[in-house]
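User: I'm new to this structure and would like to understand the words used to describe it. Could you walk me through them?

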Amino acid sequence: MAQGTLEVLLVGAKGLENTDFLNNMDPYVTLTCRTQEQKSSIASGKGTEPEWNETFVFNVNSDGVSELTLKILDSDTGSQDDFVGEATISLESVFSEGTIPPTVYNVIKDEEYRGEIRVGLTFTREERGDRGFSAGEESFGGWKESTYTN
């Protein structure tokens, strides 16, 4: 079991399906890693080839987390945001490799290819027992139970 932080670099997307017929769409991404969800900024007027270059950090446990889901939506004022597509990224390789440089993943909607999204991943393992005491030593808030009696 590896615990640590997953750093996600959201670079950009290409070839997305335009869900706005009259003007350029305003895409953003929701990133979901198990129960944690984060949202990118809105790439206003960037249309089908938005760039974000934003970094997101998730606290993860390699036993409970197996994938990262990226949902691309088009921000619409006055109506519900349009679903553009999503990409699901397996995290097994980043847990073993540590770093995956920005890579292109397919964006899928209704089981069809709808463009691509570019994402880089870094997993930083949290070392146990690096806080000045051994993992086997019992301590409570830095204090050991006293055996001194009057």
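**How the terms apply here**

Analyst: Happy to! Starting at the N terminus, the elements of the protein chain follow the order β-β-β-β-β-β-α-β-β. This is a predicted model, where local features need pLDDT of at least 70 and side-chain atom pairs count only at pLDDT 80 or more, while totals for chains, interfaces and linings use all residues. Residues are numbered from 1 along each chain as its sequence is written, and side-chain values use heavy atoms, leaving out hydrogens and water.

User: What makes a stretch a helix or a strand, and how many of them are there in the protein chain?

Analyst: Both are DSSP runs numbered from the N terminus: helices are H or I with at least four residues, strands are E with at least two. The protein chain has 1 helix and 8 strands.

User: Why is S40 called buried?

Analyst: Buried means under 20% relative accessible area, exposed over 50%, and partly exposed in between (1.4 Å probe, protein chains only). S40 has a relative accessible area of 5%, so S40 counts as buried. S40 lies in the loop between β3 (36-39) and β4 (51-61).

User: How do you know that the side chain of S40 makes a polar contact with V29?

Analyst: A polar contact is a pair of N or O atoms within 3.5 Å; within protein, one must be able to donate a hydrogen and the other to accept it, and residues adjacent in sequence count only if both atoms are side-chain atoms. The side chain of S40 reaches the backbone nitrogen of V29 at 2.8 Å, so the distance fits that limit.

User: What makes F95 and F123 an edge-to-face pair?

Analyst: Rings of Phe, Tyr and Trp (its six-membered ring) pair if their centres lie within 6.5 Å; planes under 30 degrees apart count as stacked, over 60 as edge-to-face and the rest as tilted. A search of the whole structure finds 1 aromatic pair. F95 and F123 form this pair, at 4.8 Å centre to centre with 80° between the planes, so edge-to-face is the right word. F95 lies in helix α1 (residues 92-97) and F123 in strand β8 (residues 112-125), so the pair ties together parts that are 28 residues apart in sequence. Both F95 and F123 are buried.

User: Why is K39 said to sit over the ring of Y28?

Analyst: A charge sits over a ring if NZ of Lys or CZ of Arg is within 6 Å of the ring centre and within 35 degrees of the ring normal. The charged end of K39 is 4.6 Å from the centre of the Y28 ring, so the distance fits.
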